[in-house]
Amino acid sequence: ATAPIVHQDEHIATLVSSTVGSDDLIPWSVWLSTWMGMERRVRELEMLTETDELTTAGNRRAFERIAEETLENARRERRIVTLMVFDIDNFKKYNDEYGHEAGDEVLRETVELLRVTIRRGDHVFRIGGDEFVVIFSDQEGPRGERSTPPESVEQIAHRFQSQVCDLRFPQIGLNAPGTLSISAGLSTFPWDGHDGPSLLRHADQLALESKRSGKNAITFGPGARSRCDSADPPADDSGA
């Protein structure tokens, strides 16, 4: 005997019994529908509390939780984790000259581009007006003899930086104030910080250095740089 479990006209499960008839199952299916519907709604609300409404990226609350979980796993498994903090150069011009709707579209498109650039296990968060954080925590999977080397965080960051410059916004028109660019800083656990707040502060300071150096730049912390191509080490601790 079976009875459907339905919530808001959506069939979400089926109650099955080999000892009770369908008529007796129906009250139980109704009861389960109520509780399963409530559980689903709670999950939706929890997701909303950790989601930036405009871009659907994670918000600061989500960043704090996921950073803590990711770093705890990294300590246990002896893995590295890299944070990238960046903002959009001269973003205020878009809001001032073309209105907040145009500025909102710039933010949404930037996040969408970032999502297709980072790896499946990485995370993106919006923690300020045009300030974002990426947690690079994707673990390298098993590789075969013919598989290509895994892409480094440095390669991903520079590819994103390059692709941002190619974004176009028809609603802004041909007189837009130049192409988009970002200024970013990268810090890596455990060398550049021991927890989420310290890594965030370090990466934020490095992003500020990128701004001061002329914008459209990426500055790496000592730990982040040490994880890049060791065959050609730089002369100092930062690079654009």
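## A walk through the fold

Start by selecting residues 60-77 and 196-212: these are helix 2 and helix 6, which pack at an angle of about 115° with their axes 9 Å apart. Axes here are lines fitted to C-alpha atoms, for helices over the stretch in contact, and angles run from 0 to 180 degrees between N-to-C directions. Helices and strands are DSSP runs numbered from the N terminus (H or I, at least four residues, for helices; E, at least two, for strands). Helix 2 and helix 6 are therefore roughly perpendicular to each other; angles under 35 degrees count as roughly parallel, over 145 as roughly antiparallel, 65 to 115 as roughly perpendicular and the rest as oblique.

Before you click on, note that this is a predicted model, in which local features need pLDDT of at least 70, side-chain atom pairs count only at pLDDT 80 or more, and totals for chains, interfaces and linings use all residues. Residues are numbered from 1 along each chain as its sequence is written, and side-chain values use heavy atoms, with hydrogens and water left out.

Now show side chains where the two helices touch. On helix 2, pick R60, F63, A67 and L71; they meet G196, L199 and L200 of helix 6 (contact means heavy atoms within 4.5 Å). Sorted by class, this contact has five nonpolar, one polar and one charged residues. Ala, Val, Leu, Ile, Met, Phe, Trp, Tyr, Cys and Pro count as nonpolar, Asp, Glu, Lys and Arg as charged, and the others, Gly among them, as polar.

**Next stop: helix 3.** Select residues 91-98 and look for F91, Y94 and N95, which are buried (under 20% relative accessible area; exposed is over 50%, partly exposed in between, with a 1.4 Å probe and protein chains only). These three cover an arc of only 90° around the axis, which puts them on the same side of helix 3; the arc is that of the directions from the helix axis to the C-beta atoms. Spin the view to the face turned away from that buried side and you'll find K92, D96 and E97, which are exposed. What do the buried residues of helix 3 pack against? Add strand 3 (81-88) and helix 4 (100-117) to your selection, and there are the partners. Just after helix 3 comes G99, with a positive phi near 95°.

**On to the sheet.** Strand 3 takes you into an open sheet of five strands, ordered 4-5-3-6-7 with mixed pairing (two strands pair if DSSP finds at least two bridges between them). Strand 4 (123-126) and strand 7 (218-220) stand at the edges with a single partner strand each, so one side of each is left without a neighbour in the sheet. Look along the sheet: the twist averages 20° from one strand to the next.

Zoom in on strand 4 and strand 5 (131-136), an antiparallel pair with four bridges. A hairpin of four residues joins them. V124 stands opposite V134, and R126 faces F132 in the same way. Bring helix 4 back: it packs on the sheet, touching strand 3, strand 4 and strand 5, and its direction makes about 155° with that of strand 3.

**Last stop: the N terminus.** Select 2-7 and 10-16, the antiparallel strand 1 and strand 2, joined by six bridges. Their hairpin has two residues in between, and Q8 in the turn has a positive phi of about 50°. H7 stands opposite E10.

Zoom out: the protein has seven helices and seven strands, and buried residues make up 40% of its 240 residues.
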